[in-house]
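Q: Could you take me on a close look at the sheet in this model, and at what packs against it? I'd enjoy one connected walk through it.

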Amino acid sequence: KLFIKDLHFDEVPVRIYLPREPPASKRRGVIFFHGGCGIFGSIRSHERICRAIASKSDSVVVSVGYVLSPEHKYPAQILDCLTATLHFLKAAENYGVDPERVIVCGDSAGGTFAASVCQELVNRREVPKICAQVLIYPFVQALNFNLPSYQQNAFIPFLSRERTVRFILKYLQKDYSLKEAILAGSHAPESITLKYRKWINPDLIPETFKLGYKAPIPSSFLPQAYEETKELFTTRLSPLLAEDAVVCCLPDTCIITCEHDVLRDDGLLYKKRLEDNKVKVTWHHMTEGFHCVLAFFGYSIFSFPSSSKMVNHIVTFIK
């Protein structure tokens with residue numbers, strides 16, 4: 001059903017999935033950024049997902065093979081995603097795609113990149129606007145690692161609370177000795193904590209998601225930890241920290257969260273930010289889902305019901 005080809009968009013490797021059936025009109029385009037914390041994953045790891053999205057939604061899908069850390073230093077990953085997106089928006093018609101109907105999509109860190117790319121393109125006038133964004137259990141803030149979902153799912157496989165911060169430090173090529181300070185919140189000066197409390201706050205999480213939550217004991221600020229991890233407070237790494245002037249211009253959004261996921265509350269907080277800024281949000285919550293469950297899609301007996309449900313939700317939103 002698909003014509004699949006490996007290309008380069010301005011030196012960034014991509015794999016493009018084109019439906020073979022002649023279209024009645026120009027198709028939608030989907031730019032997909034794979035997950036993996038910016039240090040794992042590839043075009044190949046998300047092949048089944050991209051094939052399914054292309055064939056089921058009758059869309060042209062571009063899977064971006066951005067460079068990985070630590071071989072390539074941050075922010076090379078997000079810059080590759082931005083470069084590939086800009087190229088596709090300008091060349092969309094060459095692939096039978098309506099440039100006004102291009103959607104960005106990503107899971108986990110790929111969701112972070114999708115959110116960041118959308119924000120960076122808000123004021124770009126030389127290319128068509130992104131039509132919509134699909135954020136699958138995205139990481140959107142590095143300020144608070146003590147939200148209810150971090151406490152409830154602290155030891156869940158694939159992405160535990162401790163491993164989340166370890167991966168972030170590896171992605172940024174920082175020393176692992178900073179891990180405990182970040183987990184405790186000692187990397188954030190009081191001025192930043194107070195500034196963003198209106199957006200990052202357990203009080204903003206619906207009560208149904210706060211079972212067993214206990215407010216952490218306030219930690220002492222460590223200036224050295226802040227100085228060495230300042231990147232954590234940029235909108236490229238923490239899209240939730242973007243100003244309202246940017247957020248209110250973002251496109252229609254689909255957010256998918258999982259119950260058994262440390263990043264669940266990131267998705268819930270970003271959903272609220274968007275809705276508060278009058279952005280239309282479609283939200284799906286996988287009560288049996290866990291972080292990385294999408295990666296199991298299409299693996300026969302190793303797949304999970306949540307994996308197929310996610311793909312169906314993505315396809316329905318795209319269509």
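A: Happy to! Two strands count as paired here if DSSP finds at least two bridges between them. Keep in mind that the model is predicted. With that in hand, start at β7 and β8: these strands run parallel and are joined by seven bridges. Within that pairing, T253 stands opposite V281 of β8. On this part of the sheet packs helix α10 (residues 264-276), which touches β6, β7 and β8; the direction of α10 makes about 150 degrees with that of β7.

Now step back to the whole sheet. It is open, has eight strands with mixed pairing, and follows the order β1-β2-β4-β3-β5-β6-β7-β8. The edge places go to β1 (2-9) and β8; each has a single partner strand, so one side of each is left without a neighbour in the sheet. On average, neighbouring strands are turned by 20 degrees against each other, direction ignored. Another helix, α1, also packs on the sheet, touching β1, β2 (12-19), β3 and β4 (60-64). Its direction makes about 40 degrees with that of β2.

One more helix belongs in this picture: α11 (residues 305-318). Its 14 residues should span 20 Å at 1.5 Å a residue, and its end C-alpha atoms are 20 Å apart, which agrees. The buried residues of α11 are S306, S307, M310, V311, I314, V315, F317 and I318. An α-helix has 3.6 residues a turn, so residues three or four places apart point the same way. What covers the buried residues of α11 includes the strands β3 (27-33), β5 (97-107), β6 (132-136), β7 (252-260) and β8 (281-290), along with α1 (47-57).

Definitions and conventions. Residues numbered from 1 in each chain as written. Predicted model: local features only at pLDDT ≥ 70, side-chain atom pairs only at ≥ 80, totals over all residues. Heavy atoms only, no water. Helix = DSSP H or I, 4+ residues; strand = E, 2+ residues; numbered from the N terminus. Expected span 1.5 Å × (residues − 1). Buried < 20%, exposed > 50% of the residue type's maximum accessible area, 1.4 Å probe, protein only. Contact = heavy atoms within 4.5 Å. Axes fitted to C-alpha atoms, helices over the stretch in contact; angles between N-to-C directions.
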